[in-house]
Amino acid sequence: MDILQRLFGPGQLPPTKDGYQAPPGALATGWQCHDPDCGEAGYFPAPRASIPRRCGVCGSGTYPRHAWPWQHGERRAELDALQRRAQRDGDTHLALPVHFHLLSWTFEEHLMNGDRGAALAVLGDADGQLRTTMKEKRHFTEGSHRTMFVLSALRSGDPDLALRVLEPWAALARAQGPGYGTDVESDNASRTNYRGLVSSCFAWLEDGRTAPQSHPAYDTVVGWALDTARAARVRDWLTVDQEERLNRLDPYWRHVR
Ligand SMILES: [Zn+2]
């Protein structure tokens with residue numbers, strides 16, 4: 001019998017590069033090559049219980065990229081490894097995003113344990129820290145972190161909690177004006193923040209629990225997506241995928257003010 005199969009047993013995926021071992025029955029959305037110089041990766045059309053043992057390009061071993069909820073454990077091991085690296089190297093540029101990723105990980109951990117109160121406390125804390133960091137560091141992209149909170153709330157089946165992330169974020173973008181008060185054309189961080197907000201609104205609108213007739217906030221979130229996308233100059237910096245989704249929502253979205 002193959003040594004790997006004996007070690008991990010049938011139906012058990014191998015550990016990730018950072019040492020996370022998912023339990024038997026876990027599913028992977030894809031795999032990645034162990035050799036960072038190769039970097040080959042593959043994605044499955046649907047989550048699977050096994051991955052190719054060898055990289056098809058260089059022949060090195062592989063590790064899984066897990067489907068949710070196992071992806072939660074994988075992410076923690078990855079963040080712990082990054083945090084150790086940041087501390088070892090004194091790398092503050094790495095330490096800052098890792099800190100915020102750990103906050104959104106903790107938020108999701110509380111939701112997975114059914115502790116909504118603790119999750120809300122983490123969210124409030126993170127919101128304050130994101131606002132402060134945005135003021136202090138011009139190139140910081142809060143959008144990618146707020147997006148993680150929205151996706152975590154939706155994955156945990158709580159679109160109302162996702163609204164608690166989206167509402168202050170939409171208000172913040174509106175209050176600060178196009179480009180979060182900076183020139184969108186020259187500021188990549190601002191473009192990322194705006195795109196993050198538009199994408200997060202779409203993630204909420206496309207969740208199975210928020211159909212137009214079933215959730216009272218549907219039209220409000222449509223408004224946040226359209227207002228953000230339409231803001232002067234922001235509309236010229238959206239992704240093709242976002243433009244297609246906006247067109248489906250409202251073919252005349254560019255023309256209304
Ligand atoms: Zn490879």
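These exercises work through a zinc site, two nonpolar cores and a domain layout in a predicted model.

**Exercise 1. Which protein atoms are the donors of the zinc ion, and what is the geometry of the site?**

Step 1. List the donors. They are the SG atoms of Cys-33, Cys-38, Cys-55 and Cys-58. They lie 2.3 Å from the zinc ion.

Step 2. Check the angles. Among the four donor atoms they run from 98 to 114°. Four donors count as tetrahedral if all angles lie between 85 and 135 degrees. The zinc site is therefore tetrahedral. For reference, the ideal angle for four tetrahedral donors is 109.5 degrees.

Step 3. Read the spacing in sequence. The pattern of the donor residues is C-x4-C-x16-C-x2-C.

Step 4. Place one pair on the chain. Cys-38 sits in the loop between strand 1 (28–33) and strand 2 (41–48). Cys-55 sits in the loop between strand 2 and strand 3 (62–66). The two are 17 residues apart, and the pair links distant parts of the chain.

**Exercise 2. Classify Cys-38 and Cys-55: is each buried, partly exposed or exposed?**

Step 1. Take the cut-offs. Buried means under 20% relative accessible area, and exposed means over 50%.

Step 2. Apply them. Cys-38 has a relative accessible area of 27%, so Cys-38 is partly exposed. Cys-55 has 4% relative accessibility, so Cys-55 counts as buried.

**Exercise 3. How many residues form the largest nonpolar core, and which helix supplies the largest share?**

Step 1. Size the core. The largest nonpolar core has 43 residues. Phe-107, Leu-166 and Trp-204 have the most contacts inside it.

Step 2. Assign the helices. At least two core residues come from each of helix 3 (92–112), helix 4 (116–136), helix 5 (142–155), helix 6 (159–176), helix 7 (188–205) and helix 8 (218–230). Helix 6 gives the largest share, eight residues.

Step 3. Look around Phe-107. Beyond neighbours within four places in sequence, its contacts include Ala-119, Val-122, Phe-149 and Leu-161.

Step 4. Look for another core. A second, separate one has eleven residues, among them Leu-13, Ala-28, Trp-31 and Cys-55.

**Exercise 4. Where is His-145, and is it buried or exposed?**

Step 1. Locate the residue. His-145 is in helix 5.

Step 2. Classify it. His-145 counts as buried because its relative accessibility is 3%.

Step 3. List its partners. Leaving out residues up to four places away in sequence, His-145 touches Pro-97, Phe-100, His-101, Leu-130 and Phe-140.

**Exercise 5. What are the domains, and how far apart do their C-alpha centres lie?**

Step 1. Set the bounds. Domain 1 covers 27–67 and domain 2 covers 72–249.

Step 2. Give the separation. The C-alpha centres of domain 1 and domain 2 lie 28 Å apart.

Definitions and conventions. Residues numbered from 1 in each chain as written. Predicted model: local features only at pLDDT ≥ 70, side-chain atom pairs only at ≥ 80, totals over all residues. Heavy atoms only, no water. Donors = N, O, S within 2.8 Å, 3.2 Å for Na, K, Ca; no water. Tetrahedral: all angles 85-135°; square planar, octahedral: opposite > 155°, others 65-115°. Helix = DSSP H or I, 4+ residues; strand = E, 2+ residues; numbered from the N terminus. Buried < 20%, exposed > 50% of the residue type's maximum accessible area, 1.4 Å probe, protein only. Core = buried A, V, L, I, M, F, W, Y, C linked by side-chain atoms within 4.5 Å. Contact = heavy atoms within 4.5 Å. Domains from an automatic or database assignment.
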